Structure formats: C-alpha cells, structure tokens
Amino acid sequence: MEFRLGVFVNNRGFALLPFLAALLILAACALGLLLGVRYLFDQQLAPVMAGQRTALHETRQERLDQALEAHMDTLILMAREYSEWDEMRAYALNPLENAGFIDEHMYADGWAYQGIELLLILNAEGDLVWGQLTDGDANLLPMDGLVGTLLQDNPLLTSAMGVNSHARGLLETAAGIAMIVSAPITYDGGSGPSVGSFVVGSLLTPTRVQGFAEAADTDITLFRLAADDLPARIREIPVELEGIERGFLTYRSDGRLCQVSQLRDLYGKPLAVVQAQY
C-alpha cells in the first residue's frame with residue numbers, strides 16, 4: 001500500500017476517495033430529503049393536523065355546551081309549566097287552604113324523572129312557602145342551611161319579575177353546584193301579576209356529570225373553585241381563559257391531552273372548571 005495525494009491506495013489500486021465522495025453525496029441527498037420532509041410537514045401537514053385537533057376540541061366543547069343547555073331548557077320548561085298555573089298561584093297565596101296541591105303535584109318521583117332535585121315555592125316577599133331536596137333516587141334530604149343561604153345570597157331568585165320572564169344559571173349551594181331556574185308564579189298562561197316564585201334545580205352530581213361526559217364523548221372532571229383542595233393548576237384556569245374567544249384551553253397532563261373550560265354562575269362569576277381528558 002502506498003500514499004498518493006493524501007489518500008491511501010491498496011495494492012490492488014483501489015482508491016478510497018471516490019467511495020468517500022459517494023458517501024458524502026448520499027449523505028447530502030438524505031439530509032436534503034429530511035429537510036424537505038420537515039419543511040413539508042411544518043408548512044403543509046402540521047397546520048392541517050393542528051386545525052383538525054382544534055376542530056375536534058371545538059366539537060367536543062360544543063357537545064358539552066349543548067348537553068348543559070339541553071338540561072337547562074328542561075328546567076325552564078318545567079318551571080314555566082308549573083309557575084304559570086292557577087293552582088300553583090292559589091297555593092302560594094294560601095298554602096293552608098290548598099295543602100292538597102303538594103301531595104298531588106310535588107311528589108318526588110315525578111320530579112326526579114325529569115332530573116330535578118330541588119323545588120322551592122316562594123311568596124311575593126321572597127319567603128319560603130314550601131320546599132324539598134332529594135337525591136338521585138328521589139329520597140328526601142334535609143334542607144338545613146340550604147334555603148336560607150340560597151335565598152339570602154341570591155336576590156335574583158326572589159325579586160319581583162315581569163310576566164314571561166325567568167332567572168336561570170348555576171349557583172353554589174350547601175348541597176353542591178346546582179343548575180337553577182326561578183320563574184314568577186302567575187295565572188294560567190302567564191297572565192296577571194306575580195305572587196311569588198317557583199324555583200327548580202338540578203344538582204351537578206357525579207352521575208349527572210357523567211351523563212354530560214357521555215354526550216360530549218369524553219371523560220369529564222368537575223372542579224369547584226370554592227373547594228379547599230383545588231389543584232394549583234386548576235385554580236389558574238379562570239385567569240388564563242380571560243380573553244380567549246373559543247372558551248377553552250388544552251394542555252398535557254400525565255401523558256393525556258386535557259381540555260379545560262369554566263362554568264360561570266348566575267351572576268357571570270367563575271364557579272367551576274370542567275376538565276375533559278382524551
């Protein structure tokens with residue numbers, strides 16, 4: 001073997017220079033191909049995939065919003081149907097003379113079938129005339145501390161309202177977060193002055209939240225912002241969502257993609273964070 005121009009040549013005269021040159025050309029081609037693929041991905045495929053992910057998130061958020069809105073519509077329908085009724089009006093004005101109204105129309109099983117656990121009949125002064133709270137199986141629960149705080153802290157539920165109007169929204173109660181509708185008690189068809197308010201409510205129990213999760217086709221966890229053990233990451237969400245038009249954020253946690261949005265109360269204040277995991 002001899003040395004020529006800095007390249008070793010074996011005894012058979014085979015030079016390494018052409019071989020190395022070929023390797024360099026192949027490497028350059030491979031690098032160019034990889035850069036081209038990366039450019040194509042960054043400029044063409046990545047935006048498409050990101051758009052598809054965003055569309056999927058928006059679709060699931062829309063499904064969740066629709067499920068919540070559909071249940072709220074049920075509450076509005078039931079509240080208006082019973083509040084615009086002569087018999088309800090008569091009971092609110094004189095419960096002693098019309099006591100049979102409760103046994104005949106306010107039995108727990110019928111309301112539980114509609115997903116309603118809280119019922120309140122209030123007079124024109126906003127005082128409680130009658131009320132009941134049940135669990136998901138229509139079993140009566142004690143209302144200790146619930147009604148007084150609920151009515152005292154939420155004047156929208158007891159204030160005089162015009163005919164064909166109602167108050168609706170989410171509220172923090174002693175029994176948990178509830179979807180609540182309050183409608184004025186009037187004559188049949190909504191005529192005449194209001195003599196009180198009829199309040200119906202659905203508690204956001206784990207079973208009900210699971211139903212909303214199935215409608216949105218995802219796993220859902222509901223975090224009460226008033227909870228003492230609220231994770232630090234969740235506590236930051238309402239601030240981060242300010243100014244975001246689409247109304248939700250996405251991030252990764254424990255290897256899963258999380259989508260978070262917030263629920264606001266009757267007065268527009270953040271009440272809870274909904275975390276969906278995929």
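Student: How are helices and strands defined here, and how many are there in the protein?
Tutor: Helices (H or I, at least four residues) and strands (E, at least two) are DSSP runs numbered from the N terminus. By that definition the protein has 8 helices and 12 strands. The model is predicted, so local features need pLDDT of at least 70 and side-chain atom pairs count only at pLDDT 80 or more, while totals for chains, interfaces and linings use all residues. Residues are numbered from 1 along each chain as its sequence is written, and side-chain values use heavy atoms, leaving out hydrogens and water.

Student: In what order do the 4 strands of the open sheet stand?
Tutor: The order is β9-β12-β11-β10, with antiparallel pairing; two strands pair if DSSP finds at least two bridges between them. β9 (219-224) and β10 (249-253) each have a single partner strand, so one side of each lacks a neighbour in the sheet.

Student: How many bridges join β11 to β12?
Tutor: Strand β11 (residues 256-264) and strand β12 (residues 270-277) are joined by 7 bridges. Gln 262 stands opposite Val 273 in β12.

Student: Turning to the interior, which residues have the most contacts inside the largest nonpolar core?
Tutor: They are Met 88, Met 106, Trp 111, Ile 121, Phe 198 and Val 200, in a core of 41 residues. Such a core is a set of buried (under 20% relative accessible area, 1.4 Å probe, protein chains only) Ala, Val, Leu, Ile, Met, Phe, Trp, Tyr and Cys residues joined through side-chain atoms within 4.5 Å.

Student: Which element gives the largest share of this core?
Tutor: The largest share, 9 residues, comes from α1.

Terms used:
Buried < 20%, exposed > 50% of the residue type's maximum accessible area, 1.4 Å probe, protein only.
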